[in-house]
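This report describes the fold of a protein chain, beginning with its sheet and ending with its cores. Please keep the sequence and the model open while reading.

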Amino acid sequence: MKKSDWIIIIPFLMFIFTFGLLYFVLPDIEFSETENKYLQQFPKVTFKNIFNGDFESDFETYLSDQIAGRDMWVASNTVLLSASGKKDINGVYMGDNGYLLEVFDNIDMDRYHKQISALNKFSSYVDVPVYFTIVPNSVSIHEDKLPEFAVNYSQDKYISEFYSALSSEITTIDVSTVLKEHSDEYIFYRTDHHWTTYGSLLAFNKIAEVMNIEPVQESDLISVDVSSEFLGTFFSKGNFIVESDIITRYDFKEPVSFTVTLDDGTVSETLYDESYLAKKDKYAYFAHGNPAHLTVKSESESEKTLVIVKDSYAHCMLPFFVSQYSEIHMLDPRYIKTNLTEYIKALEPDEILILYNAKTLSDDVNFTRLGTAPTEK
């Protein structure tokens, strides 16, 4: 063997040996903050999973997940794929002006029709006004920022057709128009799938107009930036080299007093959880993460009760409702395992608002539980 061959072989063997050694020396990481996901742990060794191939598959994932310097390798992979002309990284495109955008596609039409049927049934089970809004995602508002080759199904079409198939007993609320009117402003995070608090404020005032409650004037608010280091769910799919987002909350200059009760019994006088600002999922700062049932009781002059059935888009909007209702119940159908219709009726709401973003709604398998008939109609 030539001397020049050893110059290549020895560093390569040292590289393999070093990384092999690190698997034994370094502790396994359970959760990747950067990618916001749980990592594969060393698989359990049994005769069954050895013979059926599960051990081999899990062990391969384990080696990939627990490799030393994983974050660096993920980021490097994203750079290489982008340079090679890869269209997207795990479904996320690098758009103009530093925006990461997730295309809207692969709609499950069977689920779509079941959701419409469920919502129509739900409106017949309750005897109070039901309001429904589908919020477009950043890819709809900033579609012009997508690469030319990206194929994106129209969320305008999806929302319009969903609305048109609903019962006349359901009042639909269009927030797409107002968001598009402000598309040149910071209304969606660049690295995350959520809208910003300002985006939710614009939509809230449209919702307030339809629900006949007071709009919120920006002059009545104090803007507070709580983090400038937010790298959200889109970033986590590829460790893109992008500028971090800013998370802002709005405080009322003349707030009403209120208490918040979480489903675990925790009582608070704030809608925010500061501890999440030190974590990867900083958006969970709003509404204390993802509670199944959050209750707000305020000293509002109103005597009305509002139930909000929602995804996490409602979290940063919630503060704008507090002064409008004496009691608010915010529900996440994913975590309420009893009869959802009965659960909502038992809260004796005066109004019900159902708010979802288009992408989450199209993927949601729990939404159809709204169509479950109550035991006693």
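Which residue stands opposite Glu327 of E13? The residue opposite Glu327 in E13 is Thr305.

This is a predicted model, in which local features need pLDDT of at least 70 and side-chain atom pairs count only at pLDDT 80 or more, while totals for chains, interfaces and linings use all residues. Residues are numbered from 1 along each chain as its sequence is written, and side-chain values use heavy atoms, with hydrogens and water left out.

The protein chain comes to 12 helices and 14 strands, these being DSSP runs numbered from the N terminus (H or I, at least four residues, for helices; E, at least two, for strands). Of its 377 residues, 48% count as buried, that is, under 20% relative accessible area with a 1.4 Å probe, protein chains only.

An open sheet of mixed pairing is formed by 8 strands in the order E6-E5-E14-E12-E13-E11-E9-E10, where two strands pair if DSSP finds at least two bridges between them. Its edge strands, each pairing on one side only, are E6 (170-172) and E10 (267-268). Three of the pairings are set out below.

| Strands | Sense | Bridges |
|---|---|---|
| E12 (residues 305-310) and E14 (residues 351-357) | parallel | 5 bridges |
| E12 and E13 | parallel | 5 bridges |
| E11 (residues 293-298) and E13 | antiparallel | 5 bridges |

Within these pairings, Ile308 stands opposite Leu353 in E14, and Lys297 has Glu327 of E13 as its bridge partner. Strand E13 (residues 327-331) is mostly covered, with 4 of its 5 residues buried.

Two helices lie across strands of the sheet. Helix H7 (residues 155-164) crosses E5 (130-135) and E6, running at about 165° to E5, whereas helix H9 (residues 197-211) lies across E5, E6, E12 and E14, at about 150° to E14; axes are lines fitted to C-alpha atoms, for helices over the stretch in contact, and angles run from 0 to 180 degrees between N-to-C directions.

The largest nonpolar core (buried Ala, Val, Leu, Ile, Met, Phe, Trp, Tyr and Cys residues joined through side-chain atoms within 4.5 Å) has 52 residues, and those with the most contacts inside it are Leu179, Trp195, Ile207, Met211, Met317 and Phe321. H9 supplies the largest share of this core, 8 residues. A second, separate core of 39 residues includes Leu101, Phe132, Val309 and Ile336.

Leaving aside neighbours within four places in sequence, Met211 is in contact (heavy atoms within 4.5 Å) with Tyr131, Ile173, Leu306, Tyr325, Glu351 and Leu353.

How values were computed:
Buried < 20%, exposed > 50% of the residue type's maximum accessible area, 1.4 Å probe, protein only.
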